[in-house]
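Trainee: Hello! I am new to this one, and I would like to go through it with you step by step. Could you show it to me before I start asking?

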Amino acid sequence: QVQLVESGGGLVQAGGSLKLSCAASGSIFRIDDMGWYRQPPGKQRDLVATITSGGVTNYAVSVKGRFTISRDDAKNTVYLQMNSLKAEDAAVYYCNALISGTGQPRRYYWGQGTQVTVSS
């Protein structure tokens, strides 16, 4: 069974930084695209950043230049470095990955989410 587990969320002052991590575990054959999404209270879940298996990245306009997504395939882990945080970045951040499990069809998996709170 494949699982995604996020870590690194917390409380930070506006202008500060946080680094989120998301590790995939279980019977994994291959990981393709990985990404981060976020959901502020009462709002829909939106894309923050994605990264392909080849390292091509894509960012939401609102975070471009402040956030950096990266991955370590040896550790089956994706990261999100968040700098210059703003109040509007506060949300639950979810990890997402397109994974082929051993003997399982390729599909998207979600982590449980990690809270990011930004104080002004």
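Trainee: Let me begin with one residue: in which loop is the place of N76?

Mentor: Happy to help, and please keep in mind that this is a predicted model. N76 has a relative accessible area of 25%, so it is partly exposed. One strand, β7, covers 67-72 and another, β8, covers 77-82, and N76 has its place in the loop between β7 and β8.

Trainee: What is the phi of N76, which is not a glycine?

Mentor: N76 belongs to the loop between β7 and β8. Although N76 is not a glycine, its phi is positive, at about 55 degrees.

Trainee: S84 is also a residue other than glycine with a positive phi. Is S84 buried, partly exposed or exposed?

Mentor: Let us place it beforehand: S84 lies in the loop between β8 and β9, and its phi is near 50 degrees. Buried would need under 20% relative accessible area and exposed would need over 50%. The relative accessibility of S84 is 40%, so S84 counts as partly exposed.

Trainee: Now the whole chain, please. How many helices and how many strands does the protein have?

Mentor: Reading along the sequence, you meet the pattern β-β-β-β-β-β-β-β-β-β-β. No helix appears in that pattern. The count is therefore zero helices and eleven strands.

Trainee: Why is the protein said to be as compact as a globular protein of its length?

Mentor: The globule rule gives 14 Å for 120 residues. The protein comes close to that value, so it is as compact as a globular protein of that length, and its radius of gyration is 14 Å.

Trainee: And what does the C-alpha trace span along its principal axes?

Mentor: Here we look at extent, following the C-alpha trace along each principal axis. The spans are about 50 × 25 × 25 Å.

Trainee: What percentage of the contacts with a separation of 6 or more comes from residues 24 or more positions apart?

Mentor: A contact here means heavy atoms within 4.5 Å. Among contacts in the protein with a separation of 6 or more, the share from residues 24 or more positions apart is 55%.

Trainee: Which residues does the disulfide join?

Mentor: The structure holds one disulfide. One partner sits in strand β3 (residues 18-25) and the other in strand β9 (residues 91-101), 73 residues apart, so the pair links distant parts of the chain. Both partners are buried. With an S to S distance of 2.1 Å, the joined residues are C22 and C95.

Trainee: Is the disulfide of C22 and C95 left-handed or right-handed?

Mentor: The torsion about the S-S bond decides this. For C22 and C95 that torsion is about -80 degrees, so the disulfide is left-handed.

Trainee: Is W36 buried or exposed?

Mentor: W36 is found in strand β4 (residues 28-39). Its C-alpha is 9.7 Å from that of G111, and the two are 75 residues apart in sequence. At 0% relative accessibility, W36 counts as buried.

Trainee: What about P41, is it buried or exposed?

Mentor: P41 lies in the loop between β4 and β5 (46-51). From P41 to G101, 60 residues away in sequence, the C-alpha to C-alpha distance is 32 Å. With a relative accessible area of 73%, P41 is exposed.

Trainee: Which residues is S70 in contact with, leaving aside its neighbours within four places in sequence?

Mentor: S70 has its place in strand β7, and it is partly exposed at 29% relative accessible area. N96 is 26 residues from S70 along the chain, and their C-alpha atoms are separated by 13 Å. Setting those sequence neighbours aside, the contacts of S70 are I51, T77, V78 and Y79.

Trainee: One more: which residues is D72 in contact with, with its neighbours within four places left aside?

Mentor: D72 also has its place in strand β7, and its relative accessible area of 25% makes it partly exposed. The C-alpha atoms of D72 and R45 are separated by 25 Å, with their positions 27 residues apart along the chain. Apart from those neighbours, D72 is in contact with T77 and Y79.

Key
Residues numbered from 1 in each chain as written. Predicted model: local features only at pLDDT ≥ 70, side-chain atom pairs only at ≥ 80, totals over all residues. Heavy atoms only, no water. Disulfide = S-S within 2.5 Å. Helix = DSSP H or I, 4+ residues; strand = E, 2+ residues; numbered from the N terminus. Buried < 20%, exposed > 50% of the residue type's maximum accessible area, 1.4 Å probe, protein only. Rg over C-alpha atoms; globule rule 2.2 N^0.38 Å.
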